[in-house]
Amino acid sequence: MKRIKIIRDDSIPAFGAWCAGSLPNEPTILLNVEACFSDMQDEQGNLIAYTSEDKKRIAIETLMHEFGHALEEFFKLEFNEDEIERICQSYF
């Protein structure tokens, strides 16, 4: 497997994204660093203040999740969000 390039892209509407189909050329994961390291709001608009450790864990989980999709593509498996989420949650 080639090296996977991680590109900071704070414009994507998610914490991260696997660039499906990039595996044969330049395997790429996009990481929204701003989203990972910012405080968030709940559904009512109330601020949720995360600790520095929480924010680091969000970044770790995001990269694990997207790397999981890279492996799904490498092994020619269907993308399965639920399975990737289950695997990531088992880490924590």
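**Notebook: helix α2, the sheet and a loop residue**

I began with Ile60, which lies in helix α2, residues 52–74. The model I am reading is a predicted one. I looked up the accessibility of Ile60 and got 33% relative accessible area, so I entered Ile60 as partly exposed. The class follows because partly exposed covers the range between under 20% (buried) and over 50% (exposed). I then asked which residues make a nonpolar surface patch with Ile60. They are Tyr91 and Phe92, and the patch comes to about 290 Å².

Next I followed α2 to the sheet. The helix lies across β1, β2 and β3, and I noted an angle of about 10 degrees between α2 and β2.

I took the sheet itself next. It is open, has three strands in the order β1-β3-β2, and its pairing is mixed. I marked β1 (5–8) and β2 (16–18) as the edge strands; each has a single partner strand, so one side of each has no neighbour in the sheet. For the twist I wrote down an average of 20 degrees from one strand to the next.

I checked the pairing of β2 with β3 (residues 28–31) and found it antiparallel, over three bridges. Which residue in β3 is the bridge partner of Ala17? I found Leu30 there.

Last, I looked at the loop between α2 and α3 (81–91), where Lys76 is found. Lys76 is not a glycine, yet I noted a positive phi of about 60 degrees for it. I flagged this because most residues other than glycine have a negative phi. I also looked up the cover of Lys76: its relative accessible area is 76%, so I entered Lys76 as exposed.

How values were computed
Residues numbered from 1 in each chain as written. Predicted model: local features only at pLDDT ≥ 70, side-chain atom pairs only at ≥ 80, totals over all residues. Heavy atoms only, no water. Patch = residues over 30% accessible without salt bridge, like charges linked within 9 Å, V, L, I, M, F, W, Y side chains within 5 Å. Areas by Shrake-Rupley, 256 points an atom, 1.4 Å probe, with all protein chains shown as cover. Salt bridge = Lys/Arg side-chain N within 4 Å of Asp/Glu carboxyl O. Helix = DSSP H or I, 4+ residues; strand = E, 2+ residues; numbered from the N terminus. Buried < 20%, exposed > 50% of the residue type's maximum accessible area, 1.4 Å probe, protein only. Pairing = 2+ DSSP bridges. Axes fitted to C-alpha atoms, helices over the stretch in contact; angles between N-to-C directions. Contact = heavy atoms within 4.5 Å.
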